[in-house]
Amino acid sequence: MESATSKAITLMTVALPTMFAVIGVFIFATKALHAAFPAPVEEDEDDDDEYEDDEDEE
């Protein structure tokens with residue numbers, strides 16, 4: 001029968017690389033989705049002025 005420490009080390013050697021592999025899959029999927037469906041570019045350059053006008057009205 002294996003000891004608790006041996007079981008924990010075995011679990012860690014399996015779970016840790018699996019966790020990084022899953023994170024890598026999500027990063028790859030996110031990049032692929034961003035490449036396939038790029039976000040529209042907003043051409044409004046006066047975003048700061050819009051908020052400053054709201055403050056003056058109050």
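**View A. T18 sits in helix α1 of this predicted model.** Start with T18, a residue of helix α1. T18 has 43% relative accessibility, so it counts as partly exposed. Look next at its side chain: a polar atom there lies 2.6 Å from the backbone oxygen of V14. Is T18 buried or exposed, or something in between? It is partly exposed, because 43% falls in the range between under 20% for buried and over 50% for exposed.

**View B. I23 is a residue of helix α1.** The helix that holds I23 covers residues 4-36. With a relative accessibility of 40%, I23 is therefore classed as partly exposed. I23 is also one of the residues that make a nonpolar surface patch.

**View C. A nonpolar patch lies on the surface.** Which residues make this patch? They are I9, M12, L16, M19, F20, I23 and I27. Together these side chains give a patch of about 670 Å².

**View D. The whole protein has 2 helices and 0 strands.** Stepping back from the close-ups, here is the protein that holds them. How much of the protein is made up of buried residues? The share is 0% of its 58 residues. The accessible surface of the protein comes to about 5800 Å², and carbon and sulfur atoms account for 63% of that surface.

Definitions and conventions. Residues are numbered from 1 along each chain as its sequence is written. This is a predicted model: local features need pLDDT of at least 70, side-chain atom pairs count only at pLDDT 80 or more; totals for chains, interfaces and linings use all residues. Side-chain values use heavy atoms; hydrogens and water are left out. Patches are made of residues with over 30% relative accessible area and no salt bridge: like charges are joined within 9 Å, nonpolar side chains (Val, Leu, Ile, Met, Phe, Trp, Tyr) within 5 Å. Accessible areas come from the Shrake-Rupley method with a 1.4 Å probe; for residues, only the protein chains shown count as cover. A salt bridge is a side-chain nitrogen of Lys or Arg within 4 Å of a carboxyl oxygen of Asp or Glu. Helices (H or I, at least four residues) and strands (E, at least two) are DSSP runs, numbered from the N terminus. Buried means under 20% relative accessible area, exposed over 50%, partly exposed in between (1.4 Å probe, protein chains only). A polar contact is a pair of N or O atoms within 3.5 Å; within protein, one must be able to donate a hydrogen and the other to accept it, and residues adjacent in sequence count only if both atoms are side-chain atoms.
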